[in-house]
Amino acid sequence: TYEAGVGNTEKMRVTKDGLVGIGTTSPSAKLHVAESNQSLGFSAGMFVSANPSDYTVGRGSGITFKNADVNTGGIYGIREANNWTGSLAFYTHTSSANNTFGSTFTEKMRITSSGNVGIGTTSPNASYDKTLHILGTNPTIRIETSSDTGWAYNQYESPQGTWSTGIAENEQYRMCYHDTLGSGHAKFTLNTSGDATFTGSVISTDGTDTTTLSHTGLVLSRS
């Protein structure tokens with residue numbers, strides 16, 4: 001294109017291989033959009049818009065992926081409510097035939113305007129704050145280690161400290177007040193035989209009577 005005082009500058013290139021580059025003279029895909037450094041650290045790059053005068057909840061636009069005759073997946077930005085909020089919806093195809101939106105091509109995950117993530121639900125329920133909500137007949141979160149001496153565990157962190165819980169070496173289940181499952185940090189350990197080991201004391205109460213048991217099995221107090 002031509003700009004007064006600047007002259008002709010290239011804005012788009014189509015290579016002999018049919019690759020299209022916008023902002024680049026060396027496109028590496030069918031459509032390659034390149035941006036210079038942005039003041040906010042990101043740029044739209046590609047802008048997808050639909051339903052310019054339809055403010056219905058659930059409407060929006062996105063990108064659909066296809067292989068042969070199957071819409072394999074899609075990512076869509078949709079209007080979340082009758083306000084300015086928006087959600088990001090992730091779709092994949094079921095095992096049924098045809099590409100019917102909402103029937104054989106269905107939503108599997110959603111990120112809401114609040115940052116909540118729903119898998120199997122379009123309305124992830126947050127009791128307090130950010131939530132991962134999984135809905136299904138037998139919903140499961142699987143954390144697996146590929147090493148015989150590895151750990152598979154969760155971390156729970158607050159400004160006061162970190163709790164870690166999960167499977168450690170020797171198939172032991174541990175709870176540790178630490179960011180690892182090292183045995184030196186274990187507060188509670190359960191082995192595959194059902195034997196439990198804990199540090200400190202166990203306090204049992206039924207609302208009326210309280211019994212404190214030491215880690216050696218001694219009853220320290222009863223009230």
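Visitor: Is Asn170 buried or exposed in this structure?
Guide: In this predicted model, the place of Asn170 is in the loop between β13 (161-167) and β14. A residue counts as exposed when its relative accessible area is over 50%. The relative accessible area of Asn170 is 62%, so this residue is exposed.

Visitor: What value is the phi of Asn170 near?
Guide: Most residues other than glycine have a negative phi. Asn170 is a residue other than glycine with a positive phi. The value for Asn170 is near 65°.

Visitor: Which relative accessibility does Glu171 have?
Guide: Glu171 is placed in the loop between β13 and β14, and its phi is likewise a positive value in a residue other than glycine, near 60°. The cut-off for an exposed residue is over 50%. Glu171 counts as exposed because its relative accessibility is 53%.

Visitor: Which strands stand at the edges of the open sheet of five strands?
Guide: The strands of this open sheet follow the order β12-β13-β14-β15-β16, and their pairing is antiparallel. An edge strand here has a single partner strand, so one side of it is left without a neighbour in the sheet. From one strand to the next, the twist averages 10°. The strands at the edges are β12 (152-158) and β16 (196-198).

Visitor: Which residue in β15 stands opposite Arg174?
Guide: Strands of a sheet pair through backbone hydrogen bonds, either parallel or antiparallel. Strand β14 (residues 173-176) and strand β15 (residues 186-190) run antiparallel and are joined by four bridges. Opposite Arg174, in β15, stands Thr189.

Visitor: Which residue takes a positive phi in the hairpin of β15 and β16?
Guide: β15 and β16 are paired in the antiparallel sense over three bridges, and the bridge partner of Phe188 in β16 is Phe198. Five residues lie between the strands of this hairpin. The residue with the positive phi, near 90°, is Gly194.

Visitor: What is the order of the strands in the open sheet of three strands?
Guide: The pairing in this open sheet is mixed, and neighbouring strands are turned by 10° against each other on average, direction ignored. β3 and β5 each have a single partner strand and stand at the edges, so one side of each is left without a neighbour in the sheet. The order of the strands is β3-β4-β5.

Visitor: Which residue in β4 stands opposite Val14?
Guide: β3 pairs with strand β4 (residues 20-22) in the antiparallel sense, over three bridges. Opposite Val14, in β4, stands Val20.

Visitor: What area does the nonpolar surface patch have?
Guide: The elements that give two or more residues to this patch are β3, β5 (31-33) and β6 (60-67). Leu88, one of the residues that make the patch, has its place in strand β8 (residues 86-93). Leu88 counts as partly exposed because its relative accessibility is 36%. Made by residues including Met12, Val14, Ile22 and Leu88, the patch has an area of about 910 Å².

Visitor: Which residue's side chain makes a polar contact with the side chain of Thr9?
Guide: Thr9 lies in the loop between β2 (7-8) and β3 (12-14). With a relative accessible area of 27%, Thr9 is partly exposed, because that class lies between under 20% for buried and over 50% for exposed. At 2.3 Å, the side chain of Thr9 makes a polar contact with the side chain of Lys11.

Note on methods: Residues are numbered from 1 along each chain as its sequence is written. This is a predicted model: local features need pLDDT of at least 70, side-chain atom pairs count only at pLDDT 80 or more; totals for chains, interfaces and linings use all residues. Side-chain values use heavy atoms; hydrogens and water are left out. Two strands pair if DSSP finds at least two bridges between them. Axes are lines fitted to C-alpha atoms, for helices over the stretch in contact, and angles run from 0 to 180 degrees between N-to-C directions. Buried means under 20% relative accessible area, exposed over 50%, partly exposed in between (1.4 Å probe, protein chains only). A polar contact is a pair of N or O atoms within 3.5 Å; within protein, one must be able to donate a hydrogen and the other to accept it, and residues adjacent in sequence count only if both atoms are side-chain atoms. Patches are made of residues with over 30% relative accessible area and no salt bridge: like charges are joined within 9 Å, nonpolar side chains (Val, Leu, Ile, Met, Phe, Trp, Tyr) within 5 Å. Accessible areas come from the Shrake-Rupley method with a 1.4 Å probe; for residues, only the protein chains shown count as cover. A salt bridge is a side-chain nitrogen of Lys or Arg within 4 Å of a carboxyl oxygen of Asp or Glu.
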